[in-house]
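Visitor: I would like to go through this structure step by step. Please take my questions one at a time.

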Amino acid sequence: SKNTFTYEDVEMIANHILEKVKCRPKLGIICGSGLGKLVDLVEDKEVLPYQEIPGFPVSTVPGHEGKLVFGQLRGKSVVLMQGRAHCYEGYTPQKITLPVRTMKMMGITTLFVTNAAGGVNKKYNIGDIMIIKDHVNLAGFAGVNPLVGVNDEKFGPRFPAMSNAYDLGLRQLALAKAKEIGFSDFVREGVYSMMVGPNFETVTECKILSLLLVDATGMSTIPEVLVAKHCGMRVFGMSLITNVVISEYDSPAHANHQEVLETGERRSKDLQQLVAAIVADLDL
Ligand SMILES: Nc1nc2ncn(CCNC(CO)CO)c2c(=O)[nH]1
């Protein structure tokens, strides 16, 4: 199937969607593993399965639905991506980030990205929520980057800056809201890294991640953030720490997807409450 999309392709896909829904969202939210329950907060829902959207990648991972959910969240017009595609499924970074450019074309100005991640920082506990303050694009070190290839200036510059990739104002709002609702004990702020996966990290890779100043690691999110920043969106990201990486040799423990989904289930109510509190005060 198609893997590269011109500006006109994206325009056509965005118009295809806007003809099917009344909602005109300003905020997009990408729901990570097991975090699809965020849709429970959305009122006046309009749902569009990815299969009905030309070019969209469909997720093949348990815990990822695969639909756009439009509606009102605390008075703001939003579109949620319930389920995202990942590089480990074999999709190209350009395919994975097509929904981000489509959201931009639909008028989205702010993007929230959420994911499940492994805690590298030893101070982190399972169930913590980490507000992302910066990232280390390890996938990019290996050339896995959605911005590689022909650049269309209509989307953004050839060489986009990535300082303040995770908007300081939104991070400050999120930390203030977390404090206000009594979540300070388990809300952190840290650096997120992405490996392509699908295997979890080796012990030595975990040790190297902490040397690289990484606090949590996953297999998603960074391609979407790069494309969102490239086309001028404001970005905010949160990781749900669903397990702690194994960083001791010969440890009997091993990371597994089931633990990821179970933690997502347990903490998703709190994550929903935090997201709602932030969205309520967003200036869109
Ligand atoms: N150690 C570790 N723990 C994690 N928990 C969630 N993820 C994000 C990857 N999630 C995959 C597999 O659960 C599904 O997308 C990870 C990870 O990459 N590493």
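The questions below start at the ligand and then move to the chain itself.

Visitor: Where does the ligand sit?

Guide: The model is a predicted one. To count as sitting in a pocket, a molecule needs more than half of its atoms within 2 Å of the pocket's grid points. By that rule, the ligand's place is the largest pocket.

Visitor: Which residues come nearest to the ligand?

Guide: A residue is counted around the ligand if one of its heavy atoms lies within 4 Å. There are 16 such residues, and those that come nearest are Tyr 88, Glu 201, Thr 242, Asn 243 and His 257.

Visitor: How many residues of the shell around the ligand are charged?

Guide: The shell can be sorted by class. It has 7 nonpolar and 8 polar residues. The number of charged residues is 1.

Visitor: Which element gives the largest share of the shell around the ligand?

Guide: Four elements each supply at least two residues of the shell: β5 (110-119), β8 (216-218), β9 (234-244) and α8 (257-280). The largest share is 3 residues, and these come from β5.

Visitor: What share of the ligand's exposed area does the protein bury?

Guide: Begin with the polar atoms. A polar side-chain atom of Tyr 88 is 2.6 Å from a ligand oxygen atom, and a polar side-chain atom of Glu 201 is 2.6 Å from a ligand nitrogen atom. Taken alone, the ligand exposes 430 Å², and the share buried by the protein is 95%.

Visitor: How many residues apart are Tyr 7 and Phe 155?

Guide: The model has 4 aromatic pairs. In one of them, Tyr 7 and Phe 155 are 5.0 Å apart centre to centre, with 55° between the planes, and the pair is tilted. Tyr 7 is in helix α1 (residues 7-18) and Phe 155 is in the loop between α4 (138-141) and α5 (168-180), so the pair links distant parts of the chain. Their separation along the chain is 148 residues.

Visitor: Which peptide bond is cis?

Guide: Look at the loop between β7 (187-194) and α6 (203-211), where Pro 198 lies. With omega near 5°, the cis bond runs from Gly 197 to Pro 198.

Visitor: What is the phi of Asn 164?

Guide: Asn 164 lies in the loop between α4 and α5. Asn 164 is not a glycine, yet its phi is positive, at about 55°.

How values were computed: Residues numbered from 1 in each chain as written. Predicted model: local features only at pLDDT ≥ 70, side-chain atom pairs only at ≥ 80, totals over all residues. Heavy atoms only, no water. Polar contact = N/O pair within 3.5 Å; in protein donor to acceptor, adjacent residues only side chain to side chain. Areas by Shrake-Rupley, 256 points an atom, 1.4 Å probe, with all protein chains shown as cover. 1 Å grid on protein atoms, 1.4 Å probe; cavity = no way out; pocket = protein on both sides within 12 Å on 5 of 7 lines; lining within 4 Å. Nonpolar A, V, L, I, M, F, W, Y, C, P; charged D, E, K, R; others polar. Phe/Tyr/Trp six-rings, centres within 6.5 Å; stacked < 30°, edge-to-face > 60°.
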